[in-house]
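Colleague: I am new to this model. Walk me through it, and tell me how you know each thing you say.

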Amino acid sequence: QKEYRRFCGTMEDNRVNLDRIAPGYIERQMAKPKHIVDRYVFGKCTPVTGLVWPGFRPAVHILPVGKEPFDMHNPKTIPPNWTTWQAMDFGMSAPTVVHFYAMNPEDGKIYIYNEICRPLTGGGEHFGLRELCRDINAKRPTRDGTHPVFADPKTCYERRFEKGQAWVTIADLMSELGVELQPAQNNFSAG
């Protein structure tokens with residue numbers, strides 16, 4: 001059996017060539033955030049946390065119990081003038097997550113009022129999609145039963161599943177089960 005060892009090199013390991021090819025590169029990297037410096041300058045293989053929501057503050061972003069603007073467990077209590085939508089991150093090797101959003105038109109605040117998080121297994125014809133679609137529709141306000149769920153564009157365009165003589169997308173399968181998917185903008189500038 002072969003033996004492997006991990007080598008974590010730093011930029012100093014090849015400073016002469018680096019200075020010749022890209023003068024001042026290390027100094028420019030040192031001005032970047034600590035997690036970039038640790039990883040790319042010092043070669044540390046450390047986990048990085050807090051990058052997605054660096055401004056997240058629980059006192060601002062989490063509602064205290066009893067301060068909710070509607071019954072968060074009953075989507076039918078969302079005021080009718082509020083905008084609601086869902087977004088899904090489909091996972092085959094990681095759990096599928098669906099978030100349910102409601103936006104107050106008066107102040108623009110957005111509330112996540114429900115979530116589905118589950119692995120799609122179960123085998124069979126739709127490997128758990130039937131149950132997922134049933135649960136999505138049950139957690140939507142009645143008025144929103146027909147609008148699409150925003151999802152990674154791949155779920156709408158990649159034909160990865162065989163159905164009869166054809167290859168279909170996840171969106172095709174979910175549409176047959178009563179949930180329409182719409183490709184979300186997943187480029188860097190969209191967030």
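**How do you know?**

Modeller: Let me start at one turn of the backbone: just after α3, G43 takes a positive phi of about 70°. Keep in mind that this is a predicted model.

Colleague: Which residue of α3 touches G43, and how do you know whether that residue is buried or exposed?

Modeller: D38 touches G43, and also K44, leaving aside residues up to four places away in sequence. D38 sits in helix α3. Its relative accessible area is 11%. The cut-off for buried is under 20%, so D38 is buried.

Colleague: What makes you speak of one buried side of α3?

Modeller: In α3, residues 34–41, the buried ones are V37, D38 and V41. They cover an arc of only 110° around the axis, so they lie on the same side of α3. A helix has 3.6 residues a turn, so residues three or four places apart point the same way. Among what covers the buried residues of α3 is α2, residues 25–30.

Colleague: How many helices and strands does the whole chain have?

Modeller: Seven helices and seven strands. Along the sequence the pattern reads α-α-α-α-β-β-β-α-β-α-β-β-α-β. The chain has 191 residues, and 30% of them count as buried. Of the contacts with a separation of 6 or more, 46% are between residues 24 or more positions apart.

Colleague: Which strands make up the open sheet, and in what order?

Modeller: Five strands, in the order β3-β2-β1-β4-β7, with mixed pairing.

Colleague: Why are β3 and β7 said to stand at the edges?

Modeller: Each has a single partner strand, so one side of each is left without a neighbour in the sheet. β7 covers residues 181–183. From one strand to the next, the twist averages 30°.

Colleague: How do you know that β1 and β2 pair, and in which sense?

Modeller: Pairing needs at least two bridges. β1, residues 83–89, and β2 have seven, in the antiparallel sense, so by that cut-off they pair. A87 stands opposite H99 in β2, and T83 stands opposite M103 in β2. A hairpin of six residues joins β1 to β2.

Colleague: What about β1 and β4: how many bridges join them, and in which direction do they run?

Modeller: Two bridges join them, and they run parallel. The cut-off is at least two, so β1 and β4 pair as well. One residue to look at is M88, whose bridge partner in β4 is A151.

Colleague: What packs on the sheet?

Modeller: Helix α5 does, touching β1, β2, β3 and β4. Its direction makes about 160° with that of β3.

Colleague: Which residue of α5 could we take as a test of burial?

Modeller: Take D135, in α5, residues 129–139. Its relative accessible area is 13%, and the cut-off is under 20%, so D135 is buried. D135 touches I116 and R118, not counting residues up to four places away in sequence.

Colleague: Which residues of the largest nonpolar core touch the most other members?

Modeller: M88, L129, L132, I136, M174 and L181, out of 29 residues in that core. The elements giving two or more residues are β2 (96–103), β3 (110–118), α5, β4 (149–151) and α7 (170–176). In soluble globular proteins, nonpolar side chains tend to be buried together.

Colleague: What does M174 touch?

Modeller: Leaving out residues up to four places away in sequence, M174 touches M88, L129, L132, C133, I136, V179 and L181.

Colleague: Where does T169 lie, and why is T169 called buried?

Modeller: T169 lies in the loop between β6, residues 166–168, and α7. Its relative accessible area is 1%; buried means under 20%, so T169 is buried. T169 touches T155, C156, Y157, E158, R159 and F161, with residues up to four places away in sequence not counted. The C-alpha atoms of T169 and K154 are separated by 8.4 Å, and the two residues are 15 apart along the chain.

Colleague: What makes the pair T169 and A171 a polar contact?

Modeller: The backbone nitrogen of A171 lies 3.3 Å from a polar atom of the T169 side chain. The cut-off is within 3.5 Å, so the distance fits.

Terms used:
Residues numbered from 1 in each chain as written. Predicted model: local features only at pLDDT ≥ 70, side-chain atom pairs only at ≥ 80, totals over all residues. Heavy atoms only, no water. Helix = DSSP H or I, 4+ residues; strand = E, 2+ residues; numbered from the N terminus. Buried < 20%, exposed > 50% of the residue type's maximum accessible area, 1.4 Å probe, protein only. Contact = heavy atoms within 4.5 Å. Core = buried A, V, L, I, M, F, W, Y, C linked by side-chain atoms within 4.5 Å. Axes fitted to C-alpha atoms, helices over the stretch in contact; angles between N-to-C directions. Polar contact = N/O pair within 3.5 Å; in protein donor to acceptor, adjacent residues only side chain to side chain. Arc of directions from axis to C-beta.
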